[in-house]
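Thanks for coming. I have one structure to go through, and I will keep to how its parts are arranged.

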Amino acid sequence: MAQGRKNETVLAPMARRTHSRPQFWQLARRCCQLAASVDVAFFFLFHLLGSPILAWINIASVSLYLAAFHLLNTRNNGLAIALIWTEVIVHAALGTLLIGWDSGFHYFLLMFIPALFAGMTTTRAWIAVAGLWAFYVSLYAMMWFVEPLQPISSNALLGVFLFNLTVVFCMFSYLSLFYVNTVSSAQRKLQFMATTDPLTRLFNRRHMIELAEKEIARCERHPLQITFLLLDIDHFKQFNDRYGHDVGDRVLQRMSALLTSVLRTQDSLGRWGGEEFLALLPDTDGEQALLIAERMRATVEQDQWECEGFALSVTLSIGVSEYRPGEDLSLAIARADRALYQGKEAGRNRVELELAEL
């Protein structure tokens, strides 16, 4: 009982800290299922080896894992983890006391170490690991003076050892794969958040600058052409003022999908700011870029759609500029912005190519 209270005291902070980690608790539920399956196999194994006490201990273990699984499903995570701790510690101790240290039951204690550091603060994890180490060493030392209470034959003991070792290897492999996948998934999410505009799901301004600078560096090494398109939704403020900002957001999302569908695979499109978009067209000269920009403009103009009961029609003005070897990125985009301004002055819903020096 005291051990159970101690477990809950140690594990409660871990449960609170990982309460918002669905992947962690999904893993815990999966481990309960796997551990219960292993204990069912142990039940039949020890019956065959003529050790009914250990066989029925595994039935109790299965019950504890099923209870822990239910508690995890009902978000009673602290008690569930305490049950898992208690089962593994008691099971490892009883298995070792009954048939000896060479059975390998003590290996299951080591499986707690990665979970401790994943679910607790660093200080508490080190304290818990120190306690686990002390228990492990004490169990080992005790077996120097205590004979196994229900010894089995050497061949049977070897079989139990190999079974335990195999299970521990498989579980550690599964845990390692889980942590690797979790870290990789987190990295992908962080990369997506760092490079993507949350509303339109296009590249954000910073990432577009990085892409453009890479293309410019490539252009400096090889005689390639780069063209920039700066696109602006005409009279966008009217959508916000007349229909509300929710409709304005839907317009931006709609335009993002339409423009992406027109561009080629090698092209990049990002939200430059507000209702402006920047397209990067590698290996493309001004004449080719004009054709692409005109196709984008026409696609948007021809798109008639409804949003929250309102019939909407959107047009674009587009400024085009060719990158000139040796110039700064900001200058190339400024020339596209100048062309965009010329298109606005000429009546909007137009494509303009900037050729003159600023």
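I will take the sheet, then the helix pairs, then a few loop residues.

This is a predicted model, in which local features need pLDDT of at least 70 and side-chain atom pairs count only at pLDDT 80 or more, while totals for chains, interfaces and linings use all residues. Residues are numbered from 1 along each chain as its sequence is written, and side-chain values use heavy atoms, with hydrogens and water left out. When I say helix or strand, I mean a DSSP run, numbered from the N terminus: H or I over at least four residues for a helix, E over at least two for a strand.

The sheet, then. It is open and has five strands, in the order β2-β3-β1-β6-β7, with mixed pairing. Two strands count as paired if DSSP finds at least two bridges between them. At the edges are β2 and β7, each of which pairs on one side only. From one strand to the next the twist averages 20 degrees. For angles, axes are lines fitted to C-alpha atoms, for helices over the stretch in contact, and the values run from 0 to 180 degrees between N-to-C directions.

At the β2 edge, β2 and β3, residues 276-282, run antiparallel and are joined by five bridges. One bridge partnership there is Gly273 with Glu276 in β3.

At the β7 edge, β6, residues 316-322, pairs with β7, residues 351-354, in the parallel sense over four bridges. Opposite Val320 stands Leu353 of β7.

What connects with β6 and β7 to make a β-α-β unit, and what is its hand? The helix is α13, residues 329-345, and the unit is left-handed. The convention is that a crossover is right-handed if, with the strands pointing away from the viewer, the path from the first strand over the helix to the second runs clockwise. The same helix α13 lies across β1, β2, β3, β6 and β7, and runs at about 140 degrees to β6. Contact, here and later, means heavy atoms within 4.5 Å.

Now the helix pairs. Two packed helices are described by the angle between their axes and the distance between the axes.

Start with α3, residues 52-73, and α4: their axes come within 8 Å and cross at roughly 170 degrees. That makes the two helices, α3 and α4, roughly antiparallel, because angles over 145 degrees count as such, under 35 as roughly parallel, 65 to 115 as roughly perpendicular and the rest as oblique. The crossing of α3 past α4 is left-handed, meaning that the near helix is turned anticlockwise from the far one by less than a right angle; clockwise would be right-handed. The residues in contact include Ile53, Leu54, Ile57 and Tyr65 of α3, and Leu83, Ile84, Val88 and His91 of α4.

Helix α4, residues 77-99, also meets α7, residues 122-142, with axes that come within 10 Å and cross at roughly 15 degrees. These two, α4 and α7, are therefore roughly parallel. Here α4 passes α7 in a right-handed crossing. Among the residues that meet are Trp85, Ile89 and Leu97 in α4, and Leu132, Phe135 and Met142 in α7.

The third pair is α11 with α12, residues 286-302; the axes come within 9 Å and cross at roughly 140 degrees. So α11 and α12 are oblique to each other. Met255, Leu258, Leu259 and Val262 of α11 make the contact with Ile292, Arg295, Met296, Thr299 and Val300 of α12. The crossing of α11 and α12 is right-handed.

Last, the loops. Is Thr284, in the loop between β3 and α12, buried or exposed? Thr284 is buried, at 0% relative accessibility; buried means under 20% relative accessible area, exposed over 50% and partly exposed in between, with a 1.4 Å probe and protein chains only. Not counting residues up to four places away in sequence, Thr284 touches Gln225, Ile226, Thr227, Arg264 and Ala289.

Thr265, in the loop between α11 and β2, is exposed, with a relative accessible area of 83%. Thr265 and Leu281 are 16 residues apart in sequence and 9.9 Å apart in space, C-alpha to C-alpha.

Finally, the backbone. Most residues other than glycine have a negative phi. In the loop between α13 and β7, Arg348 has a positive phi near 70 degrees. Asn349 lies in that loop as well, and its phi is also positive, about 55 degrees. Arg348 is partly exposed, at 31% relative accessible area.
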